[in-house]
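This short report looks at pairs of charged side chains and at where their partners sit in the chain.

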Amino acid sequence: MHPMLNTAVKAARRAASIINRATFDLEKVTVMAKRQNDFVTEVDKAAEQAIIDALLTAYPSHAILAEESGPSSNLNDESEFVWIIDPLDGTTNFIHGFPQYAISIALQQKGVITQAVIYDPVHNDLFTASKGSGAFLNNKRLRVSKTDRLAQALVGTGFIGRDKDPETLKNFLKMFEVMTMNCHGLRRPGAATLDLAYVAAGRYDGFFEKGLNAWDIAAGALLVTEAGGIVGDFHGESDYLDKGDIIAGNPRIFAQMLHLLKPFA
């Protein structure tokens with residue numbers, strides 16, 4: 001395992017210990033609203049700090065982009081190494097005791113994601129990837145599914161919040177209708193990082209969502225590509241990290257999803 005990936009795994013496990021302890025008494029967890037239908041807890045913040053401390057202890061000069069604390073003071077266009085962190089993707093699930101959430105850590109080097117960790121503390125599933133070295137689940141090599149027809153595909157997605165403007169909501173509902181009519185089934189568990197990991201593992205054949213952040217996408221995108229899949233925005237281009245709109249899947253399903261979703265770019 002690459003030394004930087006190993007450090008990220010240790011950081012994720014530290015965060016997981018904080019999250020797991022909190023699950024024993026969820027009623028005592030302090031919950032704050034960032035926006036409508038968007039929550040943060042004291043657990044998110046403590047887990048994020050544990051990750052940052054672990055990473056910066058090993059690599060003190062590296063920059064940080066984290067969901068809760070934002071960019072570090074040394075993050076700029078010249079930053080060679082940037083850690084992109086989501087300490088608890090699926091906070092709403094966590095608050096309700098719904099067992100679908102994960103820790104996501106990615107390393108961006110000179111603008112390219114080179115290391116990725118997604119850790120599901122509920123199921124003790126550790127997804128890892130290093131650029132050029134493959135993707136793994138608990139040290140077992142991952143490959144995307146072999147499904148070749150969208151009509152037979154299980155596809156993951158996310159639902160936008162009800163605080164969106166009516167036109168955005170209307171477009172999303174139309175997109176949802178189009179995909180529902182053309183795939184075998186849609187799933188929305190509520191943690192995009194895990195959805196992408198599931199594409200890499202062949203549990204999903206594809207995934208799509210709009211309006212995500214870099215920390216929702218970075219680690220999962222590397223997992224998918226290292227497992228033999230394709231990731232792009234709704235035009236099929238590679239700037240999904242900046243746009244936040246993403247399609248992922250095995251090569252055949254990606255192409256079919258892209259054909260249907262291009263009008264919604």
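## A bridge between distant parts of the sequence

In this predicted model, the side chains of R203 and D125 meet in a salt bridge, with a distance of 3.6 Å from N to O. R203 lies in the loop between α5 (192–200) and β13 (206–209), while D125 belongs to strand β8 (residues 125–130), so the pair ties together parts that are 78 residues apart in sequence.

The two partners can also be described by their accessibility: R203 has a relative accessible area of 37% and is partly exposed, whereas D125, at 11% relative accessibility, counts as buried. This pair is one of five salt bridges that the structure holds.

## A network around K243

K243 forms a salt bridge with D233, and the closest N and O atoms of this pair are 3.2 Å apart. Because K243 lies in helix α7 (residues 240–243) and D233 in the loop between β14 (230–232) and α7, the pair ties together parts that are 10 residues apart in sequence. K243 counts as partly exposed, at 41% relative accessibility, while D233 counts as buried, with a relative accessibility of 1%.

D239 also forms a salt bridge with K243, and here the closest N and O atoms are 3.9 Å apart, which falls within the 4 Å that the definition of a salt bridge allows. At 31% relative accessibility, D239 counts as partly exposed. Through salt bridges that share partners, D233, D239 and K243 are joined into one network.

Conventions. Residues numbered from 1 in each chain as written. Predicted model: local features only at pLDDT ≥ 70, side-chain atom pairs only at ≥ 80, totals over all residues. Heavy atoms only, no water. Helix = DSSP H or I, 4+ residues; strand = E, 2+ residues; numbered from the N terminus. Buried < 20%, exposed > 50% of the residue type's maximum accessible area, 1.4 Å probe, protein only.
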